[in-house]
Amino acid sequence: MDTITKKQKIWISLFIGGTMLFLSMTFYFYQLFFTSNVLLGKKDRVLIIPSNTDFGKLTDLLLSEQYIGDRVSFMFVAKMLNYQEKVKAGRYILRVDMNNLQLVRLLRSGAQDPVKVTFNNVRLKKDLAAKITRNLEIDSLEVEKLLNDPQKTAEL
């Protein structure tokens, strides 16, 4: 019976070690992309990204408001998908137990959820402008100015 030489033992050990390292890294990357990291165990929430928000401010917001559980994994996936320079302001609905890949794809696509505006018993244009702009990033004076502009209202 042939015995295994020292050189063969080294190659077998390297092969087993390399395989274990490969499997560990594969599992780790799978977890980064596909393990739930958003709103862990909470209900769906609305994320509002203000205008002129950069990636650093966004990650601070996501972590401080507990939208995500792990900043590093989110930042890694965002880097891999080239999202860091493409932050889009808007209103997004985050679903319970989204993973990093789903979150970055949602934010990168800019697929925002519409803002519903309901108003009743409004008599004056300034009151209408105030109600419309309550949940929007626009000044009520600008809306009131547009409502008072006959040329703009004729276009509608």
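**Exercise 1. Which residue forms a salt bridge with D44, and how far apart are the closest N and O atoms?**

Before the solution, please keep in mind that this is a predicted model.

*Solution.*
- Step 1: Find the partner. D44 pairs with R95 in a salt bridge, and their closest N and O atoms are 3.5 Å apart.
- Step 2: Check the cut-off. A salt bridge needs a side-chain nitrogen of Lys or Arg within 4 Å of a carboxyl oxygen of Asp or Glu.
- Step 3: Place both residues. D44 sits in the loop between α1 and β1 (45–49), while R95 sits in the loop between β2 (90–94) and α4 (100–109), so the pair ties together parts that are 51 residues apart in sequence.
- Step 4: Look at the exposure. D44 is partly exposed, at a relative accessible area of 37%, and R95 is partly exposed too, at 42%.

A general idea helps here: side chains of opposite charge can pair when their charged atoms come close.

**Exercise 2. Work out how many salt bridges the structure holds, and describe the one that involves R71.**

*Solution.*
- Step 1: Count. The structure holds two salt bridges.
- Step 2: Describe the pair. R71 and D60 meet through their side chains in a salt bridge, with 2.4 Å from N to O.
- Step 3: Locate the pair. R71 belongs to helix α3 and D60 to helix α2, so this salt bridge ties together parts that are eleven residues apart in sequence.
- Step 4: Add the exposure. R71 is partly exposed, with a relative accessible area of 27%. D60 also counts as partly exposed, at 42% relative accessibility.

**Exercise 3. Describe how helices α2 and α3 cross, and name the residues that meet there.**

*Solution.*
- Step 1: Find the helices. Helix α2 covers residues 55–64 and helix α3 covers residues 71–80.
- Step 2: Give the geometry. Their axes come within 11 Å and cross at roughly 145 degrees.
- Step 3: Add the hand. The crossing of α2 and α3 is right-handed.
- Step 4: List the contacts. From α2, the residues F55, T59, D60, L62 and L63 meet R71, F74, M75 and A78 of α3.
- Step 5: Link back to Exercise 2. D60 and R71 are among these contact residues, and their side chains form a salt bridge.

**Exercise 4. Find the residues of the nonpolar surface patch, then decide whether F15 is buried or exposed.**

*Solution.*
- Step 1: Name the members. The patch is formed by I4, I12, F15, I16, M20, F22 and L23.
- Step 2: Give its area. Together these residues have about 760 Å² of accessible area.
- Step 3: Place F15. This residue lies in helix α1, which spans residues 6–34.
- Step 4: Decide. F15 has a relative accessible area of 60%, and exposed means over 50%, so F15 is exposed.

**Exercise 5. Give the separation of I10 and D139 in sequence and in space.**

*Solution.*
- Step 1: Place I10. It lies in helix α1, and at 46% relative accessibility I10 counts as partly exposed.
- Step 2: Compare positions. I10 and D139 are 129 residues apart in sequence, and their C-alpha atoms are 71 Å apart.

**Exercise 6. What phi does N82 have, and what phi does D97 have?**

*Solution.*
- Step 1: Take N82. Although N82 is not a glycine, its phi is positive, at about 60 degrees. N82 is found in the loop between α3 and β2 and is partly exposed, at 44%.
- Step 2: Take D97. Its phi is positive as well, at about 65 degrees, and D97 is not a glycine either. D97 is placed in the loop between β2 and α4 and is partly exposed, at 43%.

Note on methods. Residues numbered from 1 in each chain as written. Predicted model: local features only at pLDDT ≥ 70, side-chain atom pairs only at ≥ 80, totals over all residues. Heavy atoms only, no water. Patch = residues over 30% accessible without salt bridge, like charges linked within 9 Å, V, L, I, M, F, W, Y side chains within 5 Å. Areas by Shrake-Rupley, 256 points an atom, 1.4 Å probe, with all protein chains shown as cover. Helix = DSSP H or I, 4+ residues; strand = E, 2+ residues; numbered from the N terminus. Buried < 20%, exposed > 50% of the residue type's maximum accessible area, 1.4 Å probe, protein only. Axes fitted to C-alpha atoms, helices over the stretch in contact; angles between N-to-C directions. Left-handed = near helix turned anticlockwise from the far one by under 90°. Contact = heavy atoms within 4.5 Å.
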